[in-house]
Amino acid sequence: MKAETPRQIGARVLRLEDPRLLSGRARYIDDIRPANCLHLKFVRAQVAHARLLDVDTSMLADLEPAVTVFTGKDIGKLSMKSHQDYPEMQYAEQPLLAQGRVRFVGEPIAAVLAEDAYLAEDAAEMVFADFDFLDPVTTMEQALDPAVQPLFDHWKNNTWVERQMKGGDLQAARAAAAHVIRRTYTNQRHTGVPMEGRGVVAEYDPGQRFLTVWSSTQMPHLVRTYIAEELGLPESRIRVIAPDVGGGFGVKGQVFGEEVLVAWCAIQTGRPVKWIEDRRENLMASIHARDHRHTLEAYVSAEGRLLGLKADITVDIGAYSTYPFSAAGESGMAAKVMPGPYDFQAYEATFRSLATNKCPNGTYRGVARPSAVFSQERLMDDIAREIGMDPIAFRLKNIIRTFPYRNVLGFSYDPGSYVESLEKTRELLAPDFARASATAGDPNRRIGVGIACFIEQTAHGTPDFTRRRVPIETGYIAARLEVMTDGHVLIDLGLQNHGQGLETTMAQVASDALGITPDRIYVRHGDTSAPYSVGTWGSRGGPLGGGAVHLAATEIAGKMRAIAAHLLQAPVGSVQLGDNKAFVSDQPDRFVDLAYVARSALRNVDRLPEGMAPGLAAEASVDGPKDGSYSNAVHAAVVDIDLRTGKLKLLRYVVVEDCGTILNPLVVDGQVRGGVVQGIGSALWEHFVYDAEGQPLTTSFADYLMPQAPEIPMIEVHHFETPTSLTPLGAKGLGEGGAIGPPAAIANAVTHALDIGVTGTPLTASVLWHLAKTAREGG
Amino acid sequence: MRPKEFVYHRARDLDHALALLAEHGEEARPISGGQSLVPMMNLRLARPDHLVDVNDLGLDEIREEAGALHVGAMVRHERYLTDPLIRRHLPALLEAVHWIGHPTIRRNGTLGGSLCHADPTAELPAMAVLHGARIVLASTAGRREVAACDFFKGAYMTDVQPGEMLVSVIFPCPQGAHSGAFEELGERLGDFAMGSFGVVLEHEGGVIRRAATVCGGAKMTPIRLPEIEAALQGQTLAGLDAAALGDRVTGLIAPAGDFQVSAEYRRALIGELAGRALQRARDIALNAQP
């Protein structure tokens, strides 16, 4: 009998979780409904910056005992602490409920708990704060102004941190340059907006002294550890469960003060407590992202070789440092990845994170890279325009061609398909370049083609985090596999699946190693009952989680083969697994069902070989390689701009990508397309606007414009597959890449169409109309 | 995002609804599709103590009478898309309806709701102004009619008094041969418009007899542009220079900017949309010529 099970890895397997998700059978955080639950509503600051003199809750007295309220006075020193261990970094904590000062509109001031959610909301309107107003810091310029008072009393200025990264001899590069090209690029404040906002439910069992917390999070173990440390509880008596999570995008990849506070409230009140974030809170006080300004100076030889790059990177981090990636993470990441896929050996970056009276800035799909790639790839086009080269030819002249490549900062890039992807893109876009040429000079309408060529460090592991000295500290992902008496498999996965297709891809990986079909494999995730792991984020689930599943499954497979060999009286080396059976190679009649093997291992252990221990379980973990593994991609956008109305239409969007071994092409394409749609939102619309008083103006979907289906073109995805030797399955990460390319590709397409260098996003109709006008007037 | 407590009344018929509105005065709001009121209540921007559900009242006729279309307050937006009277008499309105929100909004939203909500750039208020519609308000004291141009008082402000309810809108039908067009632009399909322009041309023998125009986004309410209408009157269709008139529109308006759209852009945009709407109305009229 031959192995009849087709190889699962690489197969176009429909997602096993979809029937649940698409038929309304998923259980989200609001579906968690403990009996006797109190509903929590936060009273949030309505001013951006003020001394908090008093919180008056006296009007709630009439409502007691139906309503309970906590303020900053009640919580002692409970706070969020996220400090990156840089000597330059200024330290600040965020009390879980404001104490002494409020620093952004939306900061929690009081928690009102009531018997029902409506009453909680009514009661929250009856809490009044007494403020002594302070001048808000709402711009980078204000934050950099030494005359402006710092946000924190013990600070010397409003800079969280300013540091440098360098490599090579920048002076020499400058001296050798025939062209010096200097540009400033900006990306607006926006974020990932999941359909489901945040939410926390907590229940404390005083008999067992056991705390259960449900949270719509990407990182249950980190939530558990933080709660244990902050509330002084043994971690063994806390379980954190992420139920089905309706979108995360990195935004739910932080530990939030609300998670700790809801747990604390459950212990204080002796009642289950539930908080479900509403959309207004989500948009003004969940987490914001991007908000970058980069000034780049490139040194280019007469032949068009990039010799060196100088970068000055500023990020508006807002009022507090988020856990665990901290206020230094975003700007540091931008500085680290700015060299990109190009071969040059002189670089110097200054990066700084500023404090302002805005919502804290944290991780969102791509983390700094959409902004870094925007600047990097806008710069490549601007250089090509200035020195009169074709943008793709200019990139091909400077692209890295030999691997492993040691970049200017010492990071080692594993092999990819950089040149092939660029050449493939050029070939695919030939008709579009022709279309664009046909509209050059047209007074009403222009077509433009733009590309973004980039790499993405994925599969980050412990070495990367210890080097960065962030509170995350570690990066391994673990999985525990157990084969049951009936030959079905339970995987307890240290990841959390919020759209990645992990219930499918992890079953595929286990299936190939175990010879058990995916329909018999149950992937349980998002629960601290699984082995300790840091959660799902950073394009790590496939390469590291998949690797862990593969290793554990391989260990179990070895034991199943040994048992089967004993049962079949055949040499172990001749036993193969497949189609839920163990069989002897080339002897199709000699087989035993794996269910029988499993039952022998767990119940009828008298059938086991002499001296073999019972059980069919294994646990494994995989950490990231020292410098991660680098995925690469080229994105291309074709835009059609109505010069008279500024209306942009995306005619075509093309992705050529390489994420190493593809576990499931359907999942890869879905991830890429979802990311691209978010990136289109970044490029064209999504923008958190604050006025001069620090009031957010975009707190509903009427003003915060997300991408919608009518504006999204068909997204073509093409693949190269360069497996990496750095992860067990050859897979690289791909979850974020889709969102990284669009701002740069679209801005380059607009630059091409209008013949004017785009310097920022979002490119709304109003912005495009003004750009077209400036171009027309020769500005 | 939960409304404050309110009392829900389901009105049996119009008299019952008007009695409830009279009883609760300023504290009461009629509700039908709820496409604007419910979100505003959830945000607590609207805080009515009483909601009078008018879904059982009927008021959903579209009928032709004495040279006008009488459209009931409860007519849902999607009805216009297939109604033969609308197609024949109000082609500009038919075009405008395509721009209203999304399918769910068009399925639930009503004429009365849209007009009483009075969003500055909403399509149906613009159509009421364009067609010189008369708005019929009822209360326990009787009925009165208000001209559309007097009905809209400002952004989200109308002439509806406490105890009153909009029951129907009378759209005078354009006379003789006519054409209409409507242009709008939002950031995304279904968004609130950044600007819009609608036009009706009544014509005879290739000459414009009478023209009506409406401009959305120029002010806090839809406005007519009498100078443009006067310029159109007596023009030949063949000789109509739509782009030049669009430029003239730009000179007549001074819209405000906001944090998403500059004033300069909005002004130019409305002029451009005016040129396009006029061009299309002209082309439609010329194509219909024998």
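Which backbone nitrogen does a side-chain oxygen of Ser326(A) reach at the start of α8(A)? Select Ser326(A) and Ala328(A) together: the side-chain oxygen of Ser326(A) comes within 3.1 Å of the backbone nitrogen of Ala328(A). Keep in mind throughout the tour that this is a predicted model.

**Stop 1: helix α8 of chain A**

Now extend your selection to residues 326–337 of chain A, which make up the 12 residues of helix α8. From its first C-alpha to its last, α8(A) reaches 18 Å, close to the 16 Å expected at 1.5 Å a residue. Switch on a surface for the rest of the model and see what becomes of the helix: because 12 of the 12 residues of α8(A) are buried, the helix is largely enclosed by the rest of the structure. Among those buried residues are Glu330(A) and Lys336(A), along with Gly329(A), Gly332(A) and Met333(A).

**Stop 2: a loop residue, Asn407(A)**

Next, pick Asn407(A), in the loop between β18 (405–406) and β19 (412–413) of chain A. Is Asn407(A) buried or exposed? Its relative accessibility is 3%, so Asn407(A) counts as buried. A polar atom of the Asn407(A) side chain lies 2.8 Å from the backbone nitrogen of Leu409(A). Leaving aside neighbours within four places in sequence, you will find Asn407(A) in contact with Pro339(A), Gln345(A) and Tyr413(A).

**Stop 3: Arg365(A) and its many partners**

Move to Arg365(A), in the loop between β17 (347–354) and α9 (369–387) of chain A. Arg365(A) is buried, with a relative accessible area of 9%. Show the C-alpha atoms of Arg365(A) and Gly250(A): these residues are 115 residues apart along the chain, yet the two atoms are separated by 5.5 Å. Not counting residues up to four places away in sequence, Arg365(A) touches several others, including Phe249(A), Arg290(A), Gln671(A), Gln678(A) and Glu736(A).

**Stop 4: helix α16 of chain A**

Select residues 665–684 of chain A to bring up helix α16. Its 20 residues should span 28 Å at 1.5 Å a residue, and the end C-alpha atoms are indeed 28 Å apart. Helix α16(A) is mostly covered, with 15 of its 20 residues buried. At its start, a side-chain oxygen of Asn664(A) reaches to within 2.9 Å of the backbone nitrogen of Leu666(A).

**Stop 5: Thr425(A) in helix α11**

Thr425(A) belongs to helix α11 (residues 418–439) of chain A. With 1% relative accessibility, Thr425(A) counts as buried. Beyond its neighbours within four places in sequence, Thr425(A) is in contact with Ile451(A), Val634(A), Ala636(A) and Val656(A).

**Stop 6: the cavities**

How many cavities of 30 Å³ or more are there? The count comes to eight. The largest cavity holds about 240 Å³ of space. Of the 23 residues lining that cavity, Gln94(A), Phe256(A), Gly257(A), Glu258(A) and Pro360(A) are the closest to its centre. Colour β1 (38–44), β5 (93–95) and α6 (257–269) of chain A, since each supplies at least two residues of the lining.

**Stop 7: zoom out to the domains**

Finally, colour chain A by domain: domain 1 (18–26 + 476–622), domain 2 (32–134 + 198–245 + 252–285) and domain 3 (289–462 + 625–776). The centres of domain 1 and domain 3 of chain A, taken over C-alpha atoms, are separated by 39 Å. Where these two domains meet, 17 residues of domain 1 of chain A are in contact with 20 residues of domain 3 of chain A. Chain B can be coloured likewise, as domain 1 (7–53), domain 2 (62–172) and domain 3 (177–288). Over C-alpha atoms, 36 Å separate the centres of domain 1 and domain 3 of chain B.

Methods: Residues numbered from 1 in each chain as written. Chains lettered and ligands numbered in written order. Predicted model: local features only at pLDDT ≥ 70, side-chain atom pairs only at ≥ 80, totals over all residues. Heavy atoms only, no water. Helix = DSSP H or I, 4+ residues; strand = E, 2+ residues; numbered from the N terminus. Buried < 20%, exposed > 50% of the residue type's maximum accessible area, 1.4 Å probe, protein only. Contact = heavy atoms within 4.5 Å. Expected span 1.5 Å × (residues − 1). Polar contact = N/O pair within 3.5 Å; in protein donor to acceptor, adjacent residues only side chain to side chain. Domains from an automatic or database assignment. 1 Å grid on protein atoms, 1.4 Å probe; cavity = no way out; pocket = protein on both sides within 12 Å on 5 of 7 lines; lining within 4 Å. Points joined across faces, edges and corners; volume = space filled by probe spheres on them.
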